[in-house]
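Proteins hold empty spaces as well as atoms, and a good way to get to know one is to look at what lines those spaces. Take a moment to turn the structure around, then read on.

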Amino acid sequence: MTTASAVEIQASTLAGYADASRLRQVLDRDWVLDQVTGSPETLIDLGSGIGQLLETALDRHPTLRLAVGLERSEHRIAEAAERLSRFPGRTALHQADLTDPQPLPLKADVVTMTSVLHWLYPVEDRIFSWVADRLTPDGSFLLTTYHPARDAFGLGGEDELVRAALIATGVELTDVPKVFERGEVLPIGTRTRPAEELDALLARYFTVDSYLERDAVVTVEDATQYEHFHAATFGDYYSRLVPPALRAEFFRAIGETAQRRQDELGWVSHMPVRLWRLRPLQV
Ligand SMILES: C[S@@+](CC[C@H](N)C(=O)[O-])C[C@H]1O[C@@H](n2cnc3c(N)ncnc32)[C@H](O)[C@@H]1O
């Protein structure tokens, strides 16, 4: 029997996100909250993780009577509950699967969703319909989406580092798409729809008020830092593509690939991120 390494245990609970998210996701938080205007009373954050956006929103907006987080991971909800305990009576956290959104008896001035949408592919329309029903008439839905370039096999973004790590664990380059397929792991490059396709999908539920774009550049200090970023962000989504005995090696190879890219290119990854400001359709 193989004993799980520390990084595999980290991946199984998505631990260490507060630290790891400094490399990429946290930058979305202030960018999104800067778009909140007026005096919101109710905010819902979808895929609320460890509660960082909710915490900042509550600090910034004393008018917020209720900040609600919906999140799938029980470990993340527990961490968020601890983080938000200094706002008694102003928060609610619910365990939820956003691919099958359940009724929630409230309306919100603001709904946010940052770095989550790709996990809901290909049924994003379900959460869009749910949000459209929850927004007050002058409410807004603030959504961030990532748009990595993808290759002919639909691989892009983190998939590129995973491809290199799979090769390091003995997979042939030409077999990589098959390994994804057999492992039933949809590439992130496929999960992240192109902006134009998303625009058309969103337009069925919302008015696209405006959008902003920035280049999300990830740089890294060393291989270990990226190994932990990958474990905290992607958990065991990709590592299950390799047999248990090779998983520690897989995570190490992810870190080493990141370090090599940093040394050669000056960055590990970069891709456009779009921040959509959406309003309910006027009927
Ligand atoms: C990259 S993290 C982003 C967390 C936070 N929104 C942020 O910007 O830092 C993605 C989050 O979405 C959650 N998630 C993924 N799929 C989900 C689903 N089907 N239902 C609910 N939450 C989900 C994950 O557990 C994770 O906390």
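How do the residues of the shell around the ligand divide into nonpolar, polar and charged? The model here is a predicted one, and in it the shell holds 6 nonpolar, 8 polar and 4 charged residues. That shell is made of 18 residues, and Y17, G47, E71, L98 and T114 are the closest of them.

**The ligand and its contacts**

Try finding E71, R76 and D97 in the viewer. Each has a polar side-chain atom facing an atom of the ligand at the distance given here.

| Residue | Ligand atom | Distance |
|---|---|---|
| E71 | oxygen | 2.5 Å |
| R76 | oxygen | 2.9 Å |
| D97 | nitrogen | 2.9 Å |

On its own, the ligand has 590 Å² of accessible area, and the protein covers 94% of this.

**The largest pocket**

Where does the ligand sit? The ligand is found in the largest pocket, whose volume is about 1100 Å³. As many as 48 residues line this pocket, with R72, R76, S115, W119 and T233 nearest its centre. R76 therefore deserves a second look: besides lying among those residues, its side chain has an N or O atom 2.9 Å from a ligand oxygen. Several helices and a strand give two or more residues each to the pocket lining: α1 (6-13), α3 (26-33), α4 (52-60), β2 (66-71), α5 (74-83), α9 (188-191) and α11 (223-234). Sorted by class, the pocket lining has 18 nonpolar, 17 polar and 13 charged residues.

**A closed space**

Rolling a probe the size of a water molecule over the atoms shows where empty space is left. How many cavities of 30 Å³ or more does a search of the whole structure find? The search finds 1, and about 60 Å³ of space lies inside this largest cavity. Its lining consists of L117, H118, E124, T144, T145, Y146, H147, R191, T192, R193 and L198. Strand β5 (residues 135-146) gives the most to that lining, with 3 residues. By class, the cavity lining has 3 nonpolar, 5 polar and 3 charged residues.

**Two details of the backbone**

Most residues other than glycine have a negative phi, and most peptide bonds are trans. Two places in this model are worth finding with that in mind. The peptide bond that joins Y121 and P122 is cis, with an omega of about 5 degrees. P122 is placed in the loop between β4 (108-113) and α6 (124-134). L14 is not a glycine, yet its phi is positive, at about 55 degrees. You can find L14 in the loop between α1 and α2 (17-20).

Note on methods
Residues are numbered from 1 along each chain as its sequence is written. This is a predicted model: local features need pLDDT of at least 70, side-chain atom pairs count only at pLDDT 80 or more; totals for chains, interfaces and linings use all residues. Side-chain values use heavy atoms; hydrogens and water are left out. On a 1 Å grid over the protein atoms alone, a cavity is a set of points where a 1.4 Å probe fits but cannot get out, and a pocket is an open set with protein on both sides within 12 Å along at least five of seven lines; lining residues have an atom within 4 Å of a point. Grid points are joined across faces, edges and corners, and a volume is the space filled by probe spheres set on the points. Helices (H or I, at least four residues) and strands (E, at least two) are DSSP runs, numbered from the N terminus. Ala, Val, Leu, Ile, Met, Phe, Trp, Tyr, Cys and Pro count as nonpolar, Asp, Glu, Lys and Arg as charged, and the others, Gly among them, as polar. A residue is near a molecule or strand if one of its heavy atoms lies within 4 Å of it. A polar contact is a pair of N or O atoms within 3.5 Å; within protein, one must be able to donate a hydrogen and the other to accept it, and residues adjacent in sequence count only if both atoms are side-chain atoms. Accessible areas come from the Shrake-Rupley method with a 1.4 Å probe; for residues, only the protein chains shown count as cover. A molecule sits in a cavity or pocket if more than half of its atoms lie within 2 Å of its grid points.
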